[in-house]
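Biologist: Before I rely on words such as buried, exposed or polar contact, I would like to hear how each label is earned. Could you take me through the reasoning with the structure in view?

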Amino acid sequence: MSVSVVAFSGGVGGAKLASGLSRVLEPGKLLVAANTGDDFSHMGLHISPDIDSIFYAVTDLNNTETGWGRTGETWNFMAALKGFGGEDWFNLGDSDLAMHVLRTHWLQQGQSLSEVTQNFCQALNVPFNLAPMSNDPVTTMIDTDKGTLPMQDYFVREHCEPVAKKFSYKDANEASANSDILSALSGDDLQTIVLCPSNPYLSIDPILAVPGIVEALKATDVPVIAVSPIVGGLALKGPLGKIMGELGLEPSSLSIAKHYGDLLDVLVIDEGDAHEAEAIEALGSQVCIAPTIMKTIDDQRALANVVLAITKK
Ligand code: FO1
């Protein structure tokens, strides 16, 4: 398979651009490297939230209000669970449950997370390779004023309320990068690498923390293009703006450019943030100004085409 585009993606924002890229690229040309730092075991089930958000986004099954889970979901399982006094802080919809049960079943049979994800790609007719960043466990941990919390405890149980001080990626150093990602990053047909507009701290950095990934990005002369997840000083979804404030950073595209540093060749920023272009270019990154808010599938396709048209100057 001659991959020409590798996209790094977390949940909501990333899933939208991954979906846009999959709709404008020929089958097999795209590989999406998915964050698994959000993964956790819940009541014996292996949950992979960002992989599932991408699956649901590219198959139009996603719940667009919440950004996770499936549209038209029912909650009989949760009602019965609550009736038994079971843990109800993490909601598992009736149809969503099938994904978690089957993933856990296949993993228990000895399949890797990549193999399991490929099974779902086939079952859902996903026209690209959705590759978990690693088959080994990596857990995003957040040091907060309420102690160090694993991702889902911070994000769901505590509703992102604790003050974030530091991010780490537990066991990343022991994890092996997905070989499909590494071979795509060193492939002869590679033309573009995209850091999708996901939360850098919670969704992109965990992928970059896996040994070999940053080295592979630096080894290629293919442009590394990020789409800023901040528009007009605000994150489009989730706790990014709050987190940046708590880290003492201005929630801005300039801060995003500084965060990615010399890994970044081009930052795509929204037209409303054009005034930041000069300061970003002063850091050494090119800037591309385009509409980055993706409300519709056409918006997703349009932004994907903008990204694919960028070449390194
Ligand atoms: N997020 C919530 O805020 N509340 C939930 O109850 C919840 C359940 C859930 C179930 C499956 C799944 O794949 C994701 C779920 N999420 C829920 C979202 C998830 O915690 C976050 O989307 C990611 O981890 C952050 O990108």
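**Labels and their grounds**

Modeller: Let us begin with Thr220, which sits in the loop between helix H9 (213-219) and strand E10 (224-227). Please keep in mind throughout that this is a predicted model.

Biologist: Why is Thr220 called buried?

Modeller: The relative accessibility of Thr220 is 15%, and buried means under 20%, so Thr220 counts as buried. Once neighbours within four places in sequence are left aside, Thr220 is in contact with Leu185, Leu190 and Ile193.

Biologist: Why is Phe84 called exposed?

Modeller: Phe84 has a relative accessible area of 77%, and the label exposed requires over 50%, so Phe84 is exposed. Phe84 belongs to the loop between helix H3 (76-83) and H4, and its C-alpha atom is separated by 27 Å from that of Leu107, which lies 23 residues apart from Phe84 along the chain.

Biologist: Which residues have the most contacts inside the largest nonpolar core?

Modeller: They are Phe8 and Leu185, in a core of 51 residues, to which helix H8 (residues 200-208) gives the most, with five residues. Not counting residues up to four places away in sequence, Phe8 touches several residues, among them Ala33, Leu185, Ile204, Ile207 and Leu217. There is also a second, separate core of 38 residues, including Ala18, Ala34, Leu113 and Ile225. In soluble globular proteins, nonpolar side chains tend to be buried together.

Biologist: Turning to the ligand, what makes the approach of Asp38 a polar contact?

Modeller: An N or O atom in the side chain of Asp38 is 2.8 Å from an oxygen atom of the ligand, and a pair of N or O atoms within 3.5 Å is what defines a polar contact, so the pair qualifies. A polar side-chain atom of Asp50 lies 3.0 Å from a ligand oxygen atom, while for Asn91 a polar backbone atom is 2.9 Å from an oxygen atom of the ligand. The protein covers 89% of the 520 Å² of accessible area that the ligand has on its own.

Biologist: How many residues surround the ligand, and which helix gives the most to the shell?

Modeller: The ligand is surrounded by 13 residues, the closest being Asp38, Asp50, Asn91, Gln152 and Val156. By class, seven residues of the shell are nonpolar, three polar and three charged. Helix H2 (49-58), helix H4 (94-108) and helix H6 (151-157) each supply at least two shell residues, and H6 gives the most, with four.

Key. Residues numbered from 1 in each chain as written. Predicted model: local features only at pLDDT ≥ 70, side-chain atom pairs only at ≥ 80, totals over all residues. Heavy atoms only, no water. Near = heavy atom within 4 Å. Polar contact = N/O pair within 3.5 Å; in protein donor to acceptor, adjacent residues only side chain to side chain. Areas by Shrake-Rupley, 256 points an atom, 1.4 Å probe, with all protein chains shown as cover. Nonpolar A, V, L, I, M, F, W, Y, C, P; charged D, E, K, R; others polar. Core = buried A, V, L, I, M, F, W, Y, C linked by side-chain atoms within 4.5 Å. Buried < 20%, exposed > 50% of the residue type's maximum accessible area, 1.4 Å probe, protein only. Contact = heavy atoms within 4.5 Å.
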